[in-house]
Amino acid sequence: MLMNQIKIFIALILLTGFSSCEEEIVQDNSDYEPQYVVESYLENANSAFPPYLLLTKSLGFYSKFDTSILNKLFVSNAKVSITLNQQKYPLQEICLSQLPPETRKEILKNLGQNSDSVVVDFCAYIDVNGAIPLLVGQSYSLEIIAGLDTIRSATNIPEYISLDSFWFEDIPKVPNLGYVQLYCIINDKADRKDYYRYFTASQDEVLIPNFSSVVNDFFFDGKKFKFTLSKAESGDISFDDYSGYFKRGDSIRIKWCTIAPEQYNFWNTLEVSRTRQGPFSSYVRIQGNIKNGLGIFGGQNCQTYTMYVPKM
Amino acid sequence: MKISTLLLLTIFLNCVSAQKTYTINGYITEKGSGESLIGANVYVQSNTALSTSSNNYGFYSMTIPEGEYDLVFSYTGYNNEVRHIKLDHDLSLNLNLNSGILLEEVVINSEELKKNVQSNQMGTQELNIETVKKMPALLGEVDVLKILQLLPGVSSASEGTSGLYIRGGGPDQNLVQLDEAIVYNTGHLLGFFSVFNSDAIKNTKLIKGNMPAEYGGRISSVIDVQMKDGNDENYAIEGGIGIISSRLTVQGPISNNKSSFIVSGRRTYALDIVQPFIKNSSYAGTNYYFYDLNSKINYKISSKDRLYLSTYFGRDVFVYKSKDRGFGVNLPYGNATGTLRWNHVLRKNMFSNISLIFNNYDFKLAASQEEFSVTVKSGVKDYSTKMDIDYYPNTNHHIKTGLRYTYHSLTPNLVNASNGEVDFSTKLETKYGHENEIYLQDDWKVRSNIGINYGLRVSNFIHVGPYKSSIDSQIYKNNELVKSYVVPEPRIVFNYGINANSSIKGGVSVASQYIHLVSNSGSTLPTDIWIPSTELVKPQIGIQYALGYFRNLNDNLIETSIEVYFKDLRNQLDYRESYVEDFAAEVEQEYVFGKGRAYGVELYIAKKKGRFTGWIGYTLSRTERWFEKIESGRVFPAVYDRPHDLTIVGNYQINKNWVFSSSFVYATGRAYTPIKSLFIIDGSPNVEYGPRNSARLEDYHRLDIAFIFDNKENKSKSFHHSWAFSIYNVYNRKNPFFTYTDFDTDVFSGNAQAKQIKVSVFTLIPSVTWNFYWSSNSKK
């Protein structure tokens, strides 16, 4: 990230000397054939949601992109199952429009959305009865049969490595504005590769991942490691000097996960891909783990910590 | 060994001569400065077949039958000198050539111009720095590498940058030398300006392929830059003030005609101007600049011995500070080179040079926020020694032999981090290697119309520990042999003269490369990591075949050539799909290996003398790569692929004081990997890319012009000055510089829009530079 910022800054230095101009590029990709997109996580028993899977289709980059198109992205009537130890567990398709209004409202609230503003009929394949045992170290395989196509993937749920402790410190340069930095300590397990992902939320906001939400332990393998956790910012806000800091008086939640390597690779490449803009960058192909499709089927082991940032 | 024995025998037999001969030798230099002239011609006026040319140190030697001769000494842009000699014993004759102060005084030398047709070289161009200084320049910064981009077969990495793609080769496949020292990073400011300060440079030679056996280490091309030696007759100060930088050069004799020096510096100041405006802000101290410092001294120990010590030191310095966040970044990087050379005339017809060479490219990043800090270091450092011997047994042979040893140490990203309590670091280690090279070549005039330049180079690379094998996890100790490679590299170019003004040339060359760089960007960056050949990374091999027709027209005033080439590239490197930088990982494990090919035809028409000079170059070419692990081995166009490339360059001497110059370039748009689709993850759109390099940006074209005012009459005074007015991109063409994607998407509300935007940066840019020159002698 730092290198990207430096490249961008140097590019800005350069650009300030010249008058740049922009034009939209439009290309014909009408022959594009949509692919299946899978998003599914197997989380340990602490999760607020049962195992679920979103099955959509990709669409051409230059395609018209409106509500009707978005509604058509969801793939219905697929046969979705997850297998553990040769036991197959089918997932059931449920759409928002099938739910009672109160349930619908509650789910959308958990997703951080206002039910009045959501016009897309979300559909998901869900382990409604919570039948799938969510066990650490076990291998899970996914099979989706959609029409004539079969999509497969596999993952496992890694062992959880908890945050050891955390605390807040004022930002020395601007103590009066009430912004604080969150510090954490983790006791990493030695001689193995661990992968982490985190989400944050203030007050009643929904938990969201930071724009760079994953990290591996290559640097601090087996060590007691102190680090800062930045407050995740929603993608639709503009960043300022206080982005990433929490504020005194807030109730905050931190969701800390150990994740499977394939999930780390997926999010790492996805997040880097989103930042790869500019003249000195090259594209990054997002590395999923879905055969015959795009996306991620990832195991994760998470815990959510709730804390209060004391006032001065 | 059999091949080299045969080669030696052939050379020996070819050199045997029964006639009584004598040798004339000496140095050819510029009058007024004592600068040695490289590639100056010496020939017998009545028989131009008896000829030779000066080597890289201005030394010439010609062994011809006893007799009386009128010898002509000539060099482009200089007045010919004719000397009558009676050759009944060996002679030493040093010559000073006078540069043509006024246009009319320059004698057109047809023999020199025939070099295009008669030499046993292909794909070779020499650029005199005076030619370079007359060309339009972006922001007034005269840049020799950007002028090379105007030659056929050479294209720029991206607009405005000095990175070079030569005949489909990558930027790391060019051997860039400054006084024999390899320059690993040739660019300042992410490659927008080259490290070569035009005031310190004397000559630049480009060999696009079929390089003679004396060059090695890279598979694509050679860019051989020679620094000025320093004026050994007069003290002189010259410099210039431009929009973004200023230059100052001081040179003069230390001991008259015995020893001289030159010191030349350049520094940018574009962001120094904003310092007063940010000094009270959170960003106080933020700055960026680069500088270069070239220096050279030479000492003539005797008529047979000369010493040269040349150095270069250049740095980019980037400092970013945000006091409010307690955040700071310090990012210095740059090259340092040093070359100590000893020229010795072993015999009248034998010249040797022994060099000790040091070069270092280092990159450092130090960032801190509160008690957290991180430093990243990378670089490459070489210690070399080499010896070359030029042997001129007669005018039909110029034999050259030599050997070189280089000790490489290549530092990957060494990261040290601290959180204020505990220090962390990557466990990556510097890699070491020994590179040994030996060569023998002969430039042979077989008959008056047939010539061959043939030779053999044998290179060897030894990778030594410390190293941990990624194949079998074996751990190698310091200096323990890990892997050794030997590559024989035969080279041959033949020349068949159809008549006095036209010839056909052809050649085959094999070259190897043991030091590699894969850039993950459109241009070379300071963060790029050079790595050596290891057991995992095999040497790159390039085999080039070329055939050309060369013809001079209008009494040799116009040079034309058409060359076709095919390059077979093996053991090519690229990053694996979905590669993301990871400072903790060995970069060689992120590589995939494949093959490449480049082929094309180059047309060149040049007028090099007269009021109007210039050239037209056109290249039709393709450059492709394929890797088993990238898109299942699909052949894709390399990022260097430019099917059409046209340049038109013109200089016109309007009158004694004004020169008008212009350059026009047209090239097929750059290949890039298009975005194929969008897919939704976590409620946000993400992009899926299509096949690699399967789309192209718009075609590129641009016209630059310059007016140079240089009062020639004032040149006879001790102080004179000149102005360079330049306009880059005269008709304000909005060439795409890069593209980015823009999302305005809210999946839940159903409003979404995705766009791909092209950004043009280098629109019309005027600039002006003031140059001055002072000399202790009124005649320059």
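Let's start at a hairpin: strand β8 (residues 139–146) of chain A runs antiparallel to β9(A), and eight bridges link the two. Strands here are DSSP E runs of at least two residues, helices are H or I runs of at least four, and both are numbered from the N terminus; two strands pair if DSSP finds at least two bridges between them. Within this pair, A:Glu143 sits opposite A:Arg152 of β9(A). Two residues separate β8(A) from β9(A) in the hairpin, and A:Gly147 in the turn has a positive phi of about 60°.

A word on the ground rules. This is a predicted model, in which local features need pLDDT of at least 70 and side-chain atom pairs count only at pLDDT 80 or more, while totals for chains, interfaces and linings use all residues. Residues are numbered from 1 along each chain as its sequence is written, and chains are lettered from A and ligands numbered from 1 in the order in which they are written.

Now zoom out to the sheet around that hairpin. It is an open sheet of eleven strands with mixed pairing, and in chain A the order reads β9-β8-β5-β6-β7-β3-β2-β17-β16-β12-β13. Its edge strands are β9 (149–156) and β13 (208–216) of chain A, each of which pairs on one side only. On average, neighbouring strands of this sheet are turned by 25° against each other, direction ignored. Helix α4 (residues 261–275) of chain A packs on the sheet, where it touches β9, β12 (195–202), β13, β16 (251–259) and β17 (294–308) of chain A. The direction of α4(A) makes about 120° with that of β13(A); such angles run from 0 to 180 degrees between N-to-C directions, with axes fitted as lines to C-alpha atoms, for helices over the stretch in contact.

A few of the pairings are worth clicking through. Five bridges hold strand β5 (residues 79–84) of chain A to strand β6 (residues 87–95) of chain A in the antiparallel sense, and A:Ile82 stands opposite A:Tyr89 in β6(A). Further along, β12(A) and β16(A) are antiparallel too, with seven bridges; there A:Ala201 has A:Arg253 in β16(A) as its bridge partner. Next, β16(A) and β17(A) run antiparallel and share nine bridges, with A:Ile252 bridged to A:Met307 in β17(A). If you are tracking side chains, remember that in a regular strand they alternate between the two faces of the sheet.

Chain A as a whole has four helices and 17 strands. Buried residues, those with 20 or more other C-beta atoms within 10 Å of their own (12 or fewer means exposed, in between is partly exposed, and C-beta atoms are placed from the backbone), make up 32% of its 312 residues. For contacts, the rule is C-beta atoms, placed from the backbone, within 7 Å. Of the chain A contacts with a separation of 6 or more, 69% join residues 24 or more positions apart. For one buried example, look in helix α2 (residues 67–73) of chain A, where you will find A:Leu70. A:Leu70 counts as buried because it has 23 C-beta neighbours inside 10 Å.

On to chain B, which has six helices and 51 strands. Its radius of gyration, 27 Å, is close to the 28 Å that the globule rule gives for 780 residues, so chain B is as compact as a globular protein of that length. That radius is taken over C-alpha atoms, and the rule is 2.2 Å times the number of residues to the power 0.38. Here 49% of the 780 residues count as buried.

One open sheet in chain B has four strands in the order β3-β2-β5-β6, with antiparallel pairing. β3 (47–53) and β6 (81–87) of chain B each have a single partner strand, so one side of each is left without a neighbour in the sheet. From one strand to the next, the twist averages 25°.

Finally, the cores. A nonpolar core is a set of buried Ala, Val, Leu, Ile, Met, Phe, Trp, Tyr and Cys residues joined through C-beta atoms within 7 Å. The largest has 81 residues, and B:Val144 and B:Leu148 have the most contacts inside it. Beyond its neighbours within four places in sequence, B:Val144 is in contact with residues including B:Leu127, B:Phe196 and B:Ile201. A second, separate core of 53 residues includes A:Leu59, A:Ala260, A:Ile296 and B:Ile675.

Definitions and conventions
Contact = placed C-beta atoms within 7 Å.
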